[in-house]
Amino acid sequence: MCTIKVMSFAAVVNVFQSQEKMALLVVGALLCLSCWVSFYFILCNFNGSRSYEWNCRLVTLVHGILAVCITSYIGYVDGPWPFTHPEGPVMLAHHTMSILGILLTLWLGESGIEGCAVLFGSEITNPLLQARWFLKQTGHYATRLGDVVDVLFVLLFVVMRIFVGGTMLYCELISPRPRFFIKCGGVAMYALSWVFMVDIVRFAIRKSKSWHKQQRDQQEIVAANGHEGKRD
């Protein structure tokens, strides 16, 4: 009888701890959401000369930089090293799948280190995307700076999401520690990265053709000016 009572009490304690954990997660998520929303409205108030999308992009830019800084410290400084301690989701993308992956990591209490490393790899290209948008809005995209931003974005995406992400996925799959459905999620997210990669390759091809066309046009202009100079 005493054993049954002890087991019942332990079960009640576990349920209470689980509910308390979920409540903390919900409160923390709501607080973070409130902070970002407040930051957006503050920008709209003090930066009213700009459009709503401009201020929204500023929030996204700050969020991306903050995520890169925090996750890079957790994953590559504080440790443990994510390639030798795989435990969970390999690639956290944005929107629905990333939200579900992060919530799953928090709820299970596992996969935090590689989750942070993956978030770092996913967000490291975000500031470049926002910088590209700002350059377009201010009329500076068709410049050398715009070309540099595009090249850095493509290189970072290929290195972090394809090569580094592929290595992390391999470590994840061969490790006996992660759960099976978490490994499946990692494979799905890595496949999604390849879908994005196809679009990026198409963009790179279009960009390369545009560069070559600009160079030919400049050479033709220089040649035409040279002929006119000789005639004079």
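**Close-up 1. The largest nonpolar core of the predicted model, centred on the residues that touch the most other members**. Of the 14 residues in this core, those in contact with the most other members are Phe153, Val154, Phe157, Met197 and Ile200. Three helices, α5 (126–137), α6 (144–174) and α7 (180–231), each contribute at least two residues to the core, and the largest share, seven residues, is supplied by α6. For Phe153, when residues up to four places away in sequence are left aside, the contacts are with Thr125, Leu128, Leu129 and Ile200.

**Close-up 2. The salt bridge between Asp150 and Arg132**. The structure holds five salt bridges, and in this one the side chains of Asp150 and Arg132 meet with an N to O distance of 3.0 Å. Asp150 belongs to helix α6 and Arg132 to helix α5, so the pair ties together parts of the chain that lie 18 residues apart in sequence. The two partners can be described by their accessibility as well: Asp150 is buried, with a relative accessible area of 3%, whereas Arg132 is partly exposed, with a relative accessible area of 22%.

**Close-up 3. The salt bridge between Lys207 and Asp147**. The closest N and O atoms of Lys207 and Asp147 are 3.6 Å apart, and the pair links distant parts of the chain, with Lys207 in helix α7 and Asp147 in helix α6, 60 residues apart. Both Lys207 and Asp147 are buried; for Lys207 the relative accessible area is 13%, which places this residue under the 20% limit that defines a buried residue.

**Close-up 4. The salt bridge between Lys207 and Asp150, and the network that includes both residues**. The side chains of Lys207 and Asp150 meet in a salt bridge with an N to O distance of 3.0 Å, and this pair links distant parts of the chain, Lys207 lying in helix α7 and Asp150 in helix α6, 57 residues apart. Side chains of opposite charge can pair when their charged atoms come close. Here, Arg132, Asp147, Asp150 and Lys207 are linked in a network of salt bridges.

**Close-up 5. A nonpolar surface patch that includes Val37**. Val26, Leu30, Leu33, Val37 and Phe41 together make a nonpolar patch of about 460 Å² on the surface. Among them, Val37 lies in helix α1, which spans residues 2–46. Val37 is partly exposed, with a relative accessible area of 36%, and therefore passes the requirement of over 30% relative accessible area that applies to residues of a patch.

Notes
Residues numbered from 1 in each chain as written. Predicted model: local features only at pLDDT ≥ 70, side-chain atom pairs only at ≥ 80, totals over all residues. Heavy atoms only, no water. Patch = residues over 30% accessible without salt bridge, like charges linked within 9 Å, V, L, I, M, F, W, Y side chains within 5 Å. Areas by Shrake-Rupley, 256 points an atom, 1.4 Å probe, with all protein chains shown as cover. Salt bridge = Lys/Arg side-chain N within 4 Å of Asp/Glu carboxyl O. Helix = DSSP H or I, 4+ residues; strand = E, 2+ residues; numbered from the N terminus. Buried < 20%, exposed > 50% of the residue type's maximum accessible area, 1.4 Å probe, protein only. Core = buried A, V, L, I, M, F, W, Y, C linked by side-chain atoms within 4.5 Å. Contact = heavy atoms within 4.5 Å.
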